[in-house]
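Got the model open in your viewer? Keep the selection box handy, and we'll go stop by stop.

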Amino acid sequence: MANLGDNLRINGDRLWDSLMEMAKIGPGVAGGNNRQTLTDADKEGRDLFQRWCEDAGLEMGVDRMGSMFARREGTDPDALPVYVGSHLDTQPTGGKFDGVLGVLGGLELVRTLNDLGVKTKHPIVVTNWTNEEGTRFAPAMLASGVFAGMHDLDWAYDRVDAKGLKFGDELRRIGWVGDEDVGARKMKALFELHIEQGPILEAEGKDIGVVTHGQGLWWLEVTLTGKDAHTGSTPMPMRRNAGLGMARMTELVHQIAMSHQPDAVGAIGHCDFHPNSRNVIAGKVVFTIDFRSPHQDILDAMKARFEAEAPRIAEELGLEMGIEVTGHFDPVTFDANCVDAVRNAAERLGYSHRDIVSGAGHDACWVNRLYPTAMVMCPCVDGLSHNEAEDISKDWATAGADVLLHAVLESAEIVE
Ligand code: HGY
Ligand code: MN
Ligand code: MN
């Protein structure tokens, strides 16, 4: 491997300025972002990213899921490209860095190579994957899932949001339906930079997380149907209270996850009460369970136990129950050579690091099914994410992007 020049570093100030510029688009109400997928704010963010890519001399390709691929040519145009990137869409009360750091860290990598006139044999492609969050249109990592062959395009286009709007219609409305077949692109490797979204790196004083594995996930959407009735005049024994069913099942989810510590998590983050009137007993409740574990057997055992025990709760309360899987991926083991490239880069650059399992799902988790993939993580303040107070330091962002640069160069091969 050519001597990469350990003093080859990205421009941390420029990266930070770009992060702050992007954060102005789709502002939240408490300092973070609400730039949900396929909204006008998402369109605005895409347009800005496209302008920056054009300024950096990159050639933009877009696939039918709207994922964006900005290509920096290599000396061998036929060599398989090395991909970087993440997602620009955010949670409704999201932070400024979840996903965005990976996209703009990839762009900064290219800007740095341009500044220094560094050529690589393999092309480098900076990616913005559509709808990583899965908050407006379930499931999460939707576009990378179609890319990996886990979902078909028509099914993805038919996903609807809470207002009944379809994914495909919204993608057309913002004008970001591309002409590339989803999944047609071939990769040598993919590296994704992302904030940890957990407390470990900060607590241990580590600059870099070398991501060896990712948790698996089940999203179970539960519908409980009872009977709307007056909260005042309906005797307690006569009630069919779907809200009470949800409360008891929330406790069950918590107990199931707690019974598999420390390698399991479970919660309910989404819930719709119907009719959601303060003096009507909820006749219908729809909520989503999020179970995760790095271990396949624990992940599946949690789902099985809920499916076995929840019907009794429904029966006791006179409720009908339906369960639909709205998201799933197995635990992920990233590519050992790519993981080594990340670890070697951190080592060479003098950044403290530790191996880590990703608690959150990422587009890299799906791409890993097709091509050698790894992730670089940086700490975040108090481990907080999916919260407008999400925060990182400029130094952490810079360290993460430096390691991304060197890991990618090891794969893309500098041409002297
Ligand atoms: O849910 C996840 O893990 C990711 O943040 N979409
Ligand atoms: Mn993310
Ligand atoms: Mn997220």
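Helices (H or I, at least four residues) and strands (E, at least two) are DSSP runs here, numbered from the N terminus. What you have is a predicted model, where local features need pLDDT of at least 70, side-chain atom pairs count only at pLDDT 80 or more, and totals for chains, interfaces and linings use all residues. Residues are numbered from 1 along each chain as its sequence is written, chains are lettered from A and ligands numbered from 1 in the order in which they are written, and side-chain values use heavy atoms, with hydrogens and water left out.

**Stop 1: two cis prolines**

Select proline 262, in the loop between helix H8 (242-258) and strand E10 (265-274). The bond joining glutamine 261 to proline 262 is a cis peptide, with omega about 0°. Now jump to proline 275, in the loop between E10 and strand E11 (280-281). Histidine 274 leads into proline 275 through a cis peptide bond too, with omega near 0°. For context, most peptide bonds are trans.

**Stop 2: the first manganese**

Select ligand 2, a manganese ion, and show what coordinates it: His87 (NE2), Asp98 (OD) and His194 (NE2), at 2.1 to 2.3 Å. Donors are N, O and S atoms within 2.8 Å of the metal (3.2 Å for Na, K and Ca); water is not among the atoms, so sites may look incomplete. Along the sequence, the donor residues of this manganese ion (ligand 2) follow the spacing H-x10-D-x95-H. The histidine pair links distant parts of the chain: histidine 87 sits in the loop between strand E3 (82-86) and helix H3 (100-116), and histidine 194 in strand E6 (residues 189-195), 107 residues apart. Are these two buried or exposed? Histidine 87 and histidine 194 are both buried; that label means under 20% relative accessible area, with exposed over 50% and partly exposed in between (1.4 Å probe, protein chains only).

**Stop 3: the second manganese**

Which residue bridges the two manganese ions, ligand 3 and ligand 2? Pick aspartate 98: the ions on either side of this bridge lie 3.5 Å apart. The donors to the manganese ion (ligand 3) are Asp98 (OD), Glu133 (OE), Glu133 (OE) and His386 (NE2), at 2.2 to 2.5 Å. Their sequence spacing reads D-x34-E-x252-H. Aspartate 98 is in the loop between E3 and H3 and histidine 386 in the loop between strand E16 (373-378) and helix H12 (394-412), so the pair ties together parts 288 residues apart in sequence. Aspartate 98 counts as buried because its relative accessibility is 4%, whereas histidine 386, at 40%, counts as partly exposed. While you're on histidine 386, check its backbone: phi is positive, about 55°, although this isn't a glycine.

**Stop 4: ligand 1**

Next, select ligand 1 and expand to 4 Å; a residue is near a molecule or strand if one of its heavy atoms lies within 4 Å of it. You should pick up Glu132, Glu133, Ala140, Arg292, Ala360, Gly361 and His386. Turn on distances to see an oxygen atom of ligand 1 at 2.6 Å from a side-chain N or O atom of arginine 292. A nitrogen atom of ligand 1 is 3.0 Å from a side-chain N or O atom of glutamate 132. At glycine 361, a backbone N or O atom lies 2.7 Å from an oxygen atom of ligand 1. Taken alone, ligand 1 exposes 220 Å², and the protein buries 96% of that (Shrake-Rupley areas with a 1.4 Å probe; for residues, only the protein chains shown count as cover).

Key
A polar contact is a pair of N or O atoms within 3.5 Å; within protein, one must be able to donate a hydrogen and the other to accept it, and residues adjacent in sequence count only if both atoms are side-chain atoms.
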